[in-house]
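Biologist: Hello! I am new to reading structures, and I would like a close look at one part, the surroundings of the ligand. Could you take me through it step by step?

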Amino acid sequence: MKARLVLTAVLFLLLLTLIFWVWGTDFGTFGVDYLRQIGLLFAAFGLVLIFLQYVFVSRIKFIEAGIGLDRMLRWHRIMGRVGLAGLTVHAVLIVLYRFTVFGELFPTTFIWIGLIALFGFMVTASLASLYKTIGIAYEIWRNIHLLNYVLFPLALVHVFYHTVSGSALFYFWILLAVLYAALIIYRLLRINNIKSNPYDIVEVRQEAKDIWSLDFSGKKVDFKPGQFMFIQLLRNGHLSSSHPFTISNSPTRDRLSITPKKLGDFTSTIKDTKVGDKAFIDAPYGVFSFLNYKHEELVFIAGGIGITPFISMLRYIYDQQLSKQVTLFWTNRDESNLCFREELEQMEEEMENLKVILVMSDHPEWPGEKGRLGGDMIMSYLGSLDRKDFFICGPQALTASLKIELKELEVPPSRIHSELFQL
Ligand SMILES: Cc1cc2nc3c(=O)[nH]c(=O)nc-3n(C[C@H](O)[C@H](O)[C@H](O)COP(=O)(O)OP(=O)(O)OC[C@H]3O[C@@H](n4cnc5c(N)ncnc54)[C@H](O)[C@@H]3O)c2cc1C
């Protein structure tokens with residue numbers, strides 16, 4: 001519903017762009033310089049779409065709530081590319097126009113500024129798609145991507161110079177510039193707010209072989225179980241980059257917690273965190289919570305560290321003594337990274353509506369379920385798949401295959417919800 005509203009607003013903005021263009025275009029001269037006029041339309045569409053990308057990545061809570069940051073970042077990737085394509089078509093049409101009318105390009109300073117902005121957008125967009133293939137670290141790619149905050153003002157300088165002062169498009173650019181400035185101020189204020197409210201690390205716990213939990217105390221966060229946060233750790237005077245983690249505790253409990261599994265540069269250092277270190281927390285985000293859906297019967301399917309949103313939701317159901325019927329399937333390679341094991345056993349004993357099925361994919365001696373967790377195994381425990389909401393959190397391959405299998409078993413997509421630990 002909210003997603004549809006935002007997409008309608010995007011279409012409305014594009015329609016407004018078209019109206020401004022029509023309003024500012026002299027159709028009497030259209031035959032002579034149609035390449036330039038259509039080029040301007042592509043510039044306007046491209047810039048509006050590019051502008052919207054700053055909105056989508058700004059983590060504006062009232063837009064994100066009900067949509068989910070992962071979905072907004074998917075839009076960002078698609079619309080950013082379409083916007084870039086618009087700007088490229090604009091450049092090609094203007095070059096063609098100049099060659100047709102003047103016989104050469106005459107690159108002025110302001111044309112160069114436009115070309116630099118366009119080239120910059122191309123480089124940052126290509127890196128965003130290719131950083132894993134090229135082997136560039138996530139942080140390096142992210143820092144290069146921040147260049148976009150300089151490129152948009154450059155693009156605006158270019159279009160201001162080439163638009164007749166007082167024309168309809170001129171006022172349209174002013175509107176975009178003001179909105180962009182407002183967005184930057186919003187982001188700076190938000191960063192300032194986060195930095196003014198540091199959290200203390202009050203406990204560091206090893207949960208399993210490669211998994212630690214960190215507990216924080218500080219300003220209360222109003223979140224739903226299953227949501228996530230961004231965290232920066234300040235340790236020994238060094239501030240880490242910002243990383244997303246599920247809030248593994250429940251809003252019913254005092255502390256805020258995360259439970260990272262060792263994976264790369266940052267998560268390998270979680271174990272070195274000390275009580276008394278500081279953290280900067282930006283929360284909450286995401287829509288992966290059973291509280292957003294209506295069914296009484298819940299099926300939780302976790303792969304590895306994908307258990308974290310489910311432990312948060314189970315703790316909430318347990319603390320609130322909700323009557324939800326929950327079946328948790330949790331697949332792991334072996335027992336070494338089974339965190340929260342005792343807590344889950346205790347919950348299963350105390351909650352008559354909870355069933356936990358542990359599946360080991362590479363552990364021949366395991367007395368329980370072994371092998372691949374798929375639709376057949378799920379069916380064998382649930383019998384009927386009706387009137388149930390399915391929540392999946394795990395590696396991309398597992399999530400994708402389970403979604404397909406559940407759909408083949410005629411579970412409607414509106415009852416299948418998933419979270420990927422990847423933005
Ligand atoms: C919504 C969400 C919830 C998550 N919850 C958990 C959790 O509860 N427990 C857990 O162990 N992991 C969780 N993750 C994954 C966690 O964010 C990454 O494992 C971690 O950021 C990897 O950092 P690294 O430097 O150790 O690894 P790297 O080897 O540097 O990165 C591995 C991959 O993690 C992603 N990544 C790396 N750095 C960042 C960053 N700064 N911001 C965003 N993504 C990044 C990239 O896709 C990268 O390819 C979650 C991710 C998301 C999106």
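How many residues of the shell around the ligand are nonpolar, polar and charged?

Modeller: Happy to help! This is a predicted model, so local features need pLDDT of at least 70 and side-chain atom pairs count only at pLDDT 80 or more, while totals for chains, interfaces and linings use all residues. Residues are numbered from 1 along each chain as its sequence is written.

The shell divides into 10 nonpolar, 10 polar and 3 charged residues. Here Ala, Val, Leu, Ile, Met, Phe, Trp, Tyr, Cys and Pro count as nonpolar, Asp, Glu, Lys and Arg as charged, and the others, Gly among them, as polar. In total, 23 residues surround the ligand, and the closest are G264, F266, T267, T308 and F421. A residue is near the ligand if its C-beta atom, placed from the backbone, lies within 6 Å of it. Strand β5, residues 243-246, gives the most to this shell, with 4 residues. Helices (H or I, at least four residues) and strands (E, at least two) are DSSP runs, numbered from the N terminus.

Now let us place the ligand in the chain. The domain assignment gives domain 1 (2-194), domain 2 (199-285) and domain 3 (294-419); such bounds come from an automatic or database domain assignment. Because domain 2 and domain 3 both give residues to the shell, the ligand lies between them.

On the domain 2 side, strand β7 (residues 278-285) holds P284. The peptide bond from A283 to P284 is cis, with omega near -5 degrees.

On the domain 3 side, you can trace an open sheet of 6 strands in the order β11-β10-β9-β8-β12-β13, with parallel pairing. Two strands pair if DSSP finds at least two bridges between them. β11 (369-370) and β13 (416-419) stand at the edges with a single partner strand each, so one side of each is left without a neighbour in the sheet. Further in, β8 (residues 297-303) and β12 (residues 388-393) pair over 6 bridges, and V299 has F390 in β12 as its bridge partner.

Helix α11 (residues 375-382) lies across β8, β9, β10 and β11, running at about 150 degrees to β9. Contact means that the C-beta atoms of two residues, placed from the backbone, lie within 7 Å. For the angle, axes are lines fitted to C-alpha atoms, for helices over the stretch in contact, and angles run from 0 to 180 degrees between N-to-C directions.

Two loops of this region are worth finding. R387 lies in the loop between α11 and β12, and its phi is near 50 degrees, a positive value in a residue other than glycine. R387 counts as exposed because it has 11 C-beta neighbours inside 10 Å. A residue is buried if 20 or more other C-beta atoms lie within 10 Å of its own, exposed if 12 or fewer, and partly exposed in between, with C-beta atoms placed from the backbone. E410 sits in the loop between α12 (396-408) and β13; its phi is near 70 degrees, again in a residue other than glycine. With 8 C-beta neighbours inside 10 Å, E410 is exposed too.

Finally, step back to the whole chain. The protein chain has 12 helices and 13 strands, and 32% of its 423 residues count as buried.
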